[in-house]
Amino acid sequence: MLDIRALRQDGEALREALKKKGYDLDLPAFNALDARRKDADVRSQELQAQRKKTSKQVGELIKSGLDVDAAKARVAETLQEIDAQLDDEVNRAKAIQDEIRDFLMGVPNAPASDVPAGKDEDDNVEVRQWGTPRAFDFEPRDHVDVGEALAEGALDFERASKLSGARFAVMSGQLARLHRALIDFMLDLHSGEHGYQELYVPYLVGPEALRGTGQLPKFEEDLFKMQGERELYLIPTAEVPVTNLAAEEILEAETLPRRYVCHTPCFRSEAGSHGRDTRGMIRQHQFEKVELVQLVRPEDSEAALEALTGHAEAVLKALNLPYRVVILCGGDLGFSAAKTYDIEVWLPSQGRYREISSCSTFGAYQARRMQARWRNPDTGKPEPLHTLNGSGLAVGRALVAILENYQNEDGSVTVPEALRPYMRGRDCLR
């Protein structure tokens, strides 16, 4: 969440910054809540001072001629009244603090100063391109036609629909093997060459974890909620359990940065995406992703974002898939993100680049929500650390890109060289 001290000291600046995201911060509502909180605190302090003064009045009452028991009784009665009022004020202050927290939970992160202005993805700014899209001497097919034509019914949406409905896929044989090869290759690359520690995490998390990373309360409709004794959700991304490993903890400075890589399935209801990418594997309810997460000192987060984005790009370079990097404009920036680079891979069937990774820095926004801190050696005090994450990569979309960019006229698909060791030497899907 936003820094409440910054909101109190310079709320108008934050309000202006959030307009870049198309969000109008209700500053008067916050100020009214904060004034009520301050009033409750002042009243509590006054009652505590009154209680302290009253507790010393026994001796004064005795000096005035009251006997000891009567003096004690009168003071006890007054203290009882004060304590009742104090309890009321403490409860009022707690309720107001809860209101303030709920208010802040619904406010998005402020964008970084270098995030370009804009309303939607059409206003994103290209940063760089890599590779040259292949010139086909035949009409390239999309990944659905390529996958369904492979032997063994390699890509099957019809049977997946019979099992689970739309936006699911069944893969078999050589294609399922290629899908697994992509996962293993990415994990090996990031853990072996980029310095990430591989993790295995639960695929079900409680609501507090989702509040910590910003999926709740605003985006509950995008989640799959389980029915059972406990309130649990299927994870929409490994970002949620991995980042929350630092929740309610204070990390020592010498243990930073922490770099984690984690492969998980991801589950999303795709609320609001009706009619978009209904064909194929671009937008599914269940898909695999290799996620990169970094926990860093605040002064290192800008450089960490550039490095993390480069690590995701390295996968596409190794697979020789053309791509471009864009910086998201304010209107396209995610709720919790301060700055995001999208990596978009070239899809011949669509004649355009499509997102395959989002690499974001969140500043201290997520850390404040989950109370993830580090101990600053200069002050000895705990402070919010900075969190970052990015897809390294989305496995299904990487598979789509391979099927389309490496397809041959006879319907076969050449296996990228980097993946052949994971395919027992197989160089082609037929």
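# Briefing: helices, strands and salt bridges

Asp-24 is exposed, since its relative accessible area is 52%, above the 50% cut-off. The model described here is predicted. The secondary structure of the protein consists of 12 helices and 17 strands. Its radius of gyration is 28 Å, well over the 22 Å that the globule rule gives for 430 residues, so the protein is more spread out than a compact globule. The points below cover the overall form, helix α2, the salt bridges, helix α6 and two buried residues.

**Overall form**

- The C-alpha trace of the protein spans about 110 × 45 × 40 Å along its principal axes.
- Of the 430 residues in the protein, 49% are buried.
- About 20,800 Å² of the protein is exposed, and carbon and sulfur atoms supply 46% of that area.
- Among contacts with a separation of 6 or more, 73% are between residues 24 or more positions apart.

**Helix α2**

- Helix α2 covers residues 27-55, which is 29 residues.
- At 1.5 Å a residue, α2 should span 42 Å, and its end C-alpha atoms are 42 Å apart, so the expected span and the model agree.
- Asp-26 caps the N-terminal end of α2, with a side-chain oxygen 3.2 Å from the backbone nitrogen of Ala-29.
- The buried residues of α2 include Leu-27, Phe-30, Leu-33 and Leu-47.
- Asp-34, Arg-37, Ser-44 and Thr-54 are also among the buried residues of α2.
- The cover over the buried residues of α2 includes α1 (4-19) and α4 (68-105).

**Salt bridges**

- Side chains of opposite charge can pair when their charged atoms come close.
- The protein has 28 salt bridges by the rule applied here.
- One of these salt bridges joins the side chains of Asp-24 and Arg-15, at 3.4 Å from N to O.
- Arg-15 counts as partly exposed because its relative accessibility is 21%, whereas Asp-24 is exposed.
- The side chains of Lys-339 and Asp-114 form another salt bridge, at 2.6 Å from N to O.
- Lys-339 lies in strand β11 and Asp-114 in the loop between α4 and β1 (125-130), so this pair ties together parts that are 225 residues apart in sequence.
- Asp-114 counts as partly exposed, at 42% relative accessibility.
- Arg-324 and Glu-344 also meet through their side chains in a salt bridge, at 2.7 Å from N to O.
- This pair links distant parts of the chain, with Arg-324 in strand β10 (residues 323-327) and Glu-344 in strand β11, 20 residues apart.
- Arg-324 counts as partly exposed at 24% relative accessibility, while Glu-344 counts as buried at 10%.
- Arg-8, Asp-34, Arg-37 and Asp-41 are joined into one network by salt bridges that share partners.
- Two members of that network, Asp-34 and Arg-37, are buried residues of α2.

**Buried Lys-339**

- Strand β11 covers residues 339-347, and Lys-339 lies in it.
- Lys-339 has 7% relative accessibility, so it counts as buried, the cut-off for this being under 20%.
- The side chains of Lys-339 and Asp-114 are also joined by a polar contact of 2.6 Å.
- Apart from residues up to four places away in sequence, Lys-339 touches residues including Ala-112, Asp-114 and Val-115.
- Leu-305, Glu-306, Ile-327 and Leu-333 are also among the residues that Lys-339 touches.
- Further residues touched by Lys-339 include Cys-359, Ser-360 and Thr-361.

**Helix α6**

- Helix α6 covers residues 157-164, and at its start a side-chain oxygen of Asp-156 reaches to within 3.0 Å of the backbone nitrogen of Glu-158.
- Gly-165, just after α6, takes a positive phi of about 95°.

**Buried Val-415**

- Val-415 lies in the loop between β16 (413-414) and β17 (428-429).
- Val-415 is buried because its relative accessible area is 1%.
- Leaving aside neighbours within four places in sequence, the contacts of Val-415 include Leu-178, Arg-420, Met-423 and Arg-426.
- Val-415 is also in contact with Asp-427, Cys-428 and Leu-429.
- The C-alpha atoms of Val-415 and Val-125 are separated by 32 Å, and the two residues are 290 residues apart along the chain.

Key. Residues numbered from 1 in each chain as written. Predicted model: local features only at pLDDT ≥ 70, side-chain atom pairs only at ≥ 80, totals over all residues. Heavy atoms only, no water. Helix = DSSP H or I, 4+ residues; strand = E, 2+ residues; numbered from the N terminus. Expected span 1.5 Å × (residues − 1). Buried < 20%, exposed > 50% of the residue type's maximum accessible area, 1.4 Å probe, protein only. Contact = heavy atoms within 4.5 Å. Polar contact = N/O pair within 3.5 Å; in protein donor to acceptor, adjacent residues only side chain to side chain. Salt bridge = Lys/Arg side-chain N within 4 Å of Asp/Glu carboxyl O. Rg over C-alpha atoms; globule rule 2.2 N^0.38 Å. Areas by Shrake-Rupley, 256 points an atom, 1.4 Å probe, with all protein chains shown as cover.
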